[in-house]
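User: Please take a close look at one helix in this model and the open space beside it. Then cover any enclosed space and the cysteines.

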Amino acid sequence: MNQPVQLPSNSAPARIGQGTAVEQSRAIAEVQAAIVVAQQCPRDVPAAVAAMRTACEQKALADRAFFRYSRGGSNVSGPTVHLAREIALAWGNIQYGLVEMRRDDEFGQSEMQAFAWDVERNARNSSTFIVPHKRDVKGGPKALVDLRDIYENNANNGARRVREAIFAVLPLWYVEQAKDICNNTLAKGGGVPLPTRIADAIKAFDGLGINVDRIESKLGRPQGKWTDHDLAQLQVIYQSIQRGEVSRDEEFPPERVTAADLVGNKAKPVTDDTWTADGAQDWPAVAEVPTP
């Protein structure tokens, strides 16, 4: 006679811990309080724009406002998460964050969620994604085991999603205006004269092993003709190299050495029009042959 087999229950346990219950109550109360505060203290748009302008006019923020990296043989650039967080703070009544929902060490991956919520307008953007515990290296993906490496890998992947979530709930005109102000701040260079900034840029790139010839080749003009826009572009490239988003050889390809450079240029043939500086004809040396 077959005995019925009791299946394991998939329902949640009837009892939860005190800490979990307190956290659930706190989260609910926090959301309700945020909505009430947003309704009682709506944002002042002119004041928010003024605060954003003040922040974007600071060179410390402008230096970190843009990223740049190579993909598919072309350069990709855009605003960073640092700019997104700063202008969200100025806009007000916005909550954003990154949550590790689940970590699976057996499969080597973490389930993450990035979100941004405009409490006043009740506009929310969120994305759930999987982050493998791996890092791309030249020899192929490398598995991460150290807890600190896993944390940093999750944070780096999550920061991009948080950035996009914040920009998704902010007005487009507001974001574009912030980007323009940061670009102008980079172009002005904090009030430092242009020749001084050019010298500082050459010195900074020289510390990365990039000489002035490679910079001039990239910009397409000698250093004496560099503009404020050129220096702003170099500033973004320098910061991206420092952060490891792009390599120096990707941005400044080294000069290719040809066979002619190795062998040396052939001597110019001597003709009747070849003259020395003093007006005497410069003839090639001829070995004397004894007369028989």
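Analyst: What follows starts with helix α5 and moves on to the pocket, the cavity and the cysteines. Note that the model is predicted.

Start with the helix. α5 runs over residues 147-169 and has 23 residues. From first C-alpha to last, α5 reaches 33 Å. That is close to the 33 Å expected at 1.5 Å a residue. At its start sits a polar contact. A side-chain oxygen of Asp 146 comes to within 3.0 Å of the backbone nitrogen of Arg 148.

Next, burial along α5. Ile 150, Asn 153 and Asn 154 are among its buried residues. Further along, the buried residues include Asn 157, Gly 158, Ala 159, Val 162 and Arg 163. Towards the end of the helix, Ala 165, Ile 166, Phe 167 and Val 169 are buried too. The buried list thus holds Asn and Arg side chains as well as Ile, Val and Phe.

Now the pocket. The largest pocket has a volume of about 960 Å³. It is lined by 23 residues, and those closest to its centre are Asn 156, Asn 157, Arg 160, Gly 244 and Glu 245. The elements giving two or more residues to this lining are β1 (66-71), α4 (81-91), β5 (123-132), β6 (134-137) and α5. Of these, α5 gives the most, with 8 residues. By class, the pocket lining has 9 charged, 8 nonpolar and 6 polar residues. Asn 157 links two parts of this picture: it is buried in α5, and it is also among the residues closest to the pocket centre.

Enclosed space is a separate matter. The whole structure holds 1 cavity of 30 Å³ or more. About 30 Å³ of space lies in the largest cavity. Its lining takes in Ala 62, Asp 63, Ala 65, Phe 66 and Leu 186. Gln 235, Val 236, Gln 239 and Arg 243 line it as well. Here the largest share comes from helix α9 (residues 228-242), with 3 residues. The cavity lining divides into 5 nonpolar, 2 polar and 2 charged residues.

Last, the cysteines. A search of the whole structure finds 0 disulfides. Cys 56 is in none, and the nearest cysteine sulfur, that of Cys 182, is 3.7 Å away. Why is there no bond between Cys 182 and Cys 56? The two sulfurs are not bonded because 3.7 Å is too far for a bond; the cut-off is 2.5 Å. Cys 56 is buried, at a relative accessible area of 0%. Cys 182 also counts as buried, at 0% relative accessibility.

Key. Residues numbered from 1 in each chain as written. Predicted model: local features only at pLDDT ≥ 70, side-chain atom pairs only at ≥ 80, totals over all residues. Heavy atoms only, no water. 1 Å grid on protein atoms, 1.4 Å probe; cavity = no way out; pocket = protein on both sides within 12 Å on 5 of 7 lines; lining within 4 Å. Points joined across faces, edges and corners; volume = space filled by probe spheres on them. Helix = DSSP H or I, 4+ residues; strand = E, 2+ residues; numbered from the N terminus. Nonpolar A, V, L, I, M, F, W, Y, C, P; charged D, E, K, R; others polar. Expected span 1.5 Å × (residues − 1). Buried < 20%, exposed > 50% of the residue type's maximum accessible area, 1.4 Å probe, protein only. Polar contact = N/O pair within 3.5 Å; in protein donor to acceptor, adjacent residues only side chain to side chain.
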